[in-house]
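Biologist: I would like a close look at a single part of this protein, a hairpin and its surroundings. Could you take me through that part slowly and connect it to the rest of the chain?

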Amino acid sequence: FRTNQCGGGIYININDKWGYIDASGNGILPIMYDRVGGFSSTLCAVKLNGKWGYIKRDNLELLAINETR
């Protein structure tokens, strides 16, 4: 279990999977990603199954995960 604060919220890592919660502990991103990047005003970079993509902050709609790095 690890955490890292960023942009008014907290990244959380449990069993090598990352998510993001707000300061009150409410889930913003489910704890399921290999890595998560910082939120811009509307997007967050996420890595899932070895591929990167973006999630919209307002409705968590996953936008193209298609790039391996």
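Modeller: The part to start from is the pair formed by strand β2, residues 9-14, and strand β3, residues 17-22, which run antiparallel and are joined by 6 bridges. Please keep in mind throughout that this is a predicted model. At one place in this pairing, Gly9 stands opposite Asp22 of β3.

The turn of this hairpin has 2 residues between the strands, and Asn15 takes a positive phi there, near 55 degrees. Asn15 lies in the loop between β2 and β3, and Asp16 is found in that loop too. For Asp16, phi is also positive, near 65 degrees, in a residue other than glycine. Such values deserve a second look, because most residues other than glycine have a negative phi. As for solvent, Asn15 counts as exposed at 71% relative accessibility, and Asp16 is likewise exposed, with a relative accessible area of 60%.

Asn13, by contrast, sits in strand β2 and is buried, with a relative accessible area of 4%. The side chain of Asn13 reaches the backbone nitrogen of Asp16 at 3.4 Å, so this contact links a buried residue to an exposed one in the loop. With a cut-off of 3.5 Å for polar contacts, the distance of 3.4 Å falls within the limit.

The two strands of the hairpin also carry an aromatic pair, and by the rule applied here the count comes to 1 such pair. Its members are Tyr11 and Tyr20, whose rings are 4.8 Å apart, centre to centre, with 55 degrees between the planes, an arrangement classed as tilted. The class is tilted rather than edge-to-face because the latter needs an angle over 60 degrees, whereas the angle here is 55 degrees. Tyr11 is buried, with a relative accessible area of 6%, and Tyr20 counts as buried at 1%.

Both tyrosines belong to the largest nonpolar core, which has 12 residues, including also Trp18, Leu29, Tyr33, Phe39 and Ile55. Each of β3, β4, β5 (35-39) and β6 (43-48) supplies at least two residues of this core. In soluble globular proteins, nonpolar side chains tend to be buried together.

On its other side in the sequence, β3 is followed by a second hairpin, in which β3 and strand β4, residues 27-33, pair in the antiparallel sense over 3 bridges. In this pairing Trp18 stands opposite Tyr33 of β4, and both of these residues are in the core already described. The hairpin of β3 and β4 has 4 residues between the strands, and Gly25 in the turn has a positive phi of about 90 degrees. Pro30 is placed in strand β4 and is partly exposed, with a relative accessible area of 38%. Pro30 and Lys17 are 13 residues apart in sequence, while their C-alpha atoms are 9.3 Å apart in space.

To set these hairpins in the whole chain, the secondary structure comes to 0 helices and 8 strands. Of the 69 residues of the protein chain, 32% count as buried. Among contacts between residues at least 6 apart in sequence, 7% join residues at least 24 apart. The chain exposes about 4,500 Å², of which carbon and sulfur atoms supply 48%.

Note on methods:
Residues are numbered from 1 along each chain as its sequence is written. This is a predicted model: local features need pLDDT of at least 70, side-chain atom pairs count only at pLDDT 80 or more; totals for chains, interfaces and linings use all residues. Side-chain values use heavy atoms; hydrogens and water are left out. Rings of Phe, Tyr and Trp (its six-membered ring) pair if their centres lie within 6.5 Å; planes under 30 degrees apart count as stacked, over 60 as edge-to-face and the rest as tilted. Buried means under 20% relative accessible area, exposed over 50%, partly exposed in between (1.4 Å probe, protein chains only). Two strands pair if DSSP finds at least two bridges between them. A nonpolar core is a set of buried Ala, Val, Leu, Ile, Met, Phe, Trp, Tyr and Cys residues joined through side-chain atoms within 4.5 Å. A polar contact is a pair of N or O atoms within 3.5 Å; within protein, one must be able to donate a hydrogen and the other to accept it, and residues adjacent in sequence count only if both atoms are side-chain atoms. Contact means heavy atoms within 4.5 Å. Accessible areas come from the Shrake-Rupley method with a 1.4 Å probe; for residues, only the protein chains shown count as cover.
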